Amino acid sequence: MATTTACWKVDEFPNKEIFSCAPEPKQNHALSGDEEHANHGSRDLKYAWVIVVCAAFNTFCTMGIANSFGVFSTLYINFIYPDVSTASIAWIGTTLTVLMMGGAIATGPLTDRLGLRAVALTGTLICSISLLLASFTNSLWQVVLTQGAMFGIGSACIYSPSISLPAQWHTKNRSLATGVVAAGGGAGGMVFTLITQKLMDSVGYRWALRALALVLLCISGSAGLFYKRGVPVPRGGIDFASVAKDARLIAVGMGGFFVNTSYFVLFYYLPTAALKIGQTKQASNNLVLFMNAGTTAGRILAAYASQFVGPINSCIGSYAICAILILVVMLAVKSMAGYIVLAVIYGMLCSSYVSITPLILTNVFGPQVVTTAAGIANTWCAVGVLVGNTSQGAIYQHFDRPLDSFKAISFWGFTGLVLAALSYAVLKVLGTKDLGKSFWSRL
């Protein structure tokens, strides 16, 4: 049957009309693989929250272990591979992040064909094996292959489906549900950083990796068993090309790209700025914990606030504020109190796209297509991470380090976040044009 384009009302928020323009689903709702699904009109609300809890545990483990890589990075640079350049060691974390986000482009078609449960459990197995193999490595390329590439591929199978799955099960509470799942990653970053450090101090880094493999296998493996769709998908999946070429998805992707070119500027350089004003190494590193705490709370608050101001408006405002904060505080403020305030506020606002993007994509394409659309959007983010991580170090090394300043890197962060805000503004122009509304409307 041919695919047509239609617009229909999406009952996402009470007293608020949102319309989605996307390929109309085929009438044959047969599912492939072993996938079970709930009836779209009568979802099990209790099971919907089971899905949220399980997805939050999955982001807690995958994002948590990925974000704890900084602990391993310090060990590798100073003790395990002291004769290897820091740029080479940084490729472990870069490879992990790029493949985790970029690999998500394949998870939409895979979940359509094989089922959410099968893809998530396969990802869990790959992640656990990668950490186990990393514990036996003896050279850097082996670490890049296992802890970097393998873990990144496994995480892609878990992360993108997990962050988009609540949209299939929730309508009225979709914002809160998505925010809780996104916050799981922020909480995991704090918890696994502390756990990893304790394990490395007590049993060594090799057994720490093995312990993390077992923890991930038990928690994510159990959580993935409960995954199932909340809406049916036609046999054969979604028209991938038409979704990828949609101007609205391209605008969302550009927003994610520019966010990720600048997202890590403060995570990498704010502790260094604190050291420059005489703070201890411990106090300086605590700024990262403040930012991670901010991201945990901010992902829930951003999703909740989007109900009242609109998800696109939330992203525009968040990244405009973040851009100003980076430029003003990094260049004008020279106090620890100012850095702490910056860390908390920036942490709360900078990761808005994590919890809000699934809401935007659900509004635009509908819950049936959101997993595929989210995978494509995450691929844009992966390219941003690759560009940002490789550029930031070179900019700081060439322009700022010789002058003992942070001007160039601050302008880099400012520019990327301004362009992110403008990308979301373009998305709003496209959305208001489709709906015949004013640019200043709540959208």
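The exercises below, each with a worked solution, walk through one predicted model.

Residues are numbered from 1 along each chain as its sequence is written, and side-chain values use heavy atoms, with hydrogens and water left out. Because the model is predicted, local features need pLDDT of at least 70 and side-chain atom pairs count only at pLDDT 80 or more, while totals for chains, interfaces and linings use all residues.

**Exercise 1. State how many helices and strands the chain has, and what share of its residues count as buried.**

Step one is to count the elements, which are DSSP runs numbered from the N terminus (helices: H or I, at least four residues; strands: E, at least two). The chain has 18 helices and 2 strands. Step two is to apply the burial scale, on which buried means under 20% relative accessible area, exposed over 50%, and partly exposed in between (1.4 Å probe, protein chains only). On that scale, 56% of the 443 residues count as buried.

**Exercise 2. Find the residues that touch the most other members of the largest nonpolar core, and the helix that gives this core its largest share.**

Begin with the term: a nonpolar core is a set of buried Ala, Val, Leu, Ile, Met, Phe, Trp, Tyr and Cys residues joined through side-chain atoms within 4.5 Å. The largest core holds 84 residues, and Leu270, Tyr346, Tyr353, Ile360 and Leu361 touch the most other members. Its largest share, 10 residues, comes from helix 17 (residues 370–400). Apart from this core lies another one of 28 residues, among them Cys61, Phe151, Met200 and Leu212.

**Exercise 3. Locate the salt bridges and decide whether Arg229, Asp112 and Lys276 are buried or partly exposed.**

As a starting point, side chains of opposite charge can pair when their charged atoms come close. A salt bridge here is a side-chain nitrogen of Lys or Arg within 4 Å of a carboxyl oxygen of Asp or Glu, and the count comes to 3 salt bridges.

- The side chains of Arg229 and Asp112 meet in a salt bridge at 2.9 Å, N to O. This pair links distant parts of the chain, with Arg229 in the loop between helix 9 and helix 10 (240–244) and Asp112 in helix 4 (residues 104–114), 117 residues apart. Arg229 has a relative accessible area of 1% and is therefore buried; Asp112, at 8%, also counts as buried.
- Asp246 forms a salt bridge with Arg248, their closest N and O atoms being 2.8 Å apart, and both residues are buried.
- Asp404 forms a salt bridge with Lys276, with 2.9 Å between the closest N and O atoms. Here too the pair links distant parts of the chain, Asp404 lying in the loop between helix 17 and helix 18 and Lys276 in helix 12 (residues 265–276), 128 residues apart. Lys276 is partly exposed, because its relative accessible area is 47%. Asp404 also has a positive phi of about 55°, although it is not a glycine.

**Exercise 4. Classify the ring pair formed by Phe69 and Tyr76.**

First recall the rule: rings of Phe, Tyr and Trp (its six-membered ring) pair if their centres lie within 6.5 Å, and planes under 30 degrees apart count as stacked, over 60 as edge-to-face and the rest as tilted. The structure holds 17 aromatic pairs. The rings of Phe69 and Tyr76 have centres 6.5 Å apart and planes at 55°, so the pair is tilted. Both Phe69 and Tyr76 are buried.
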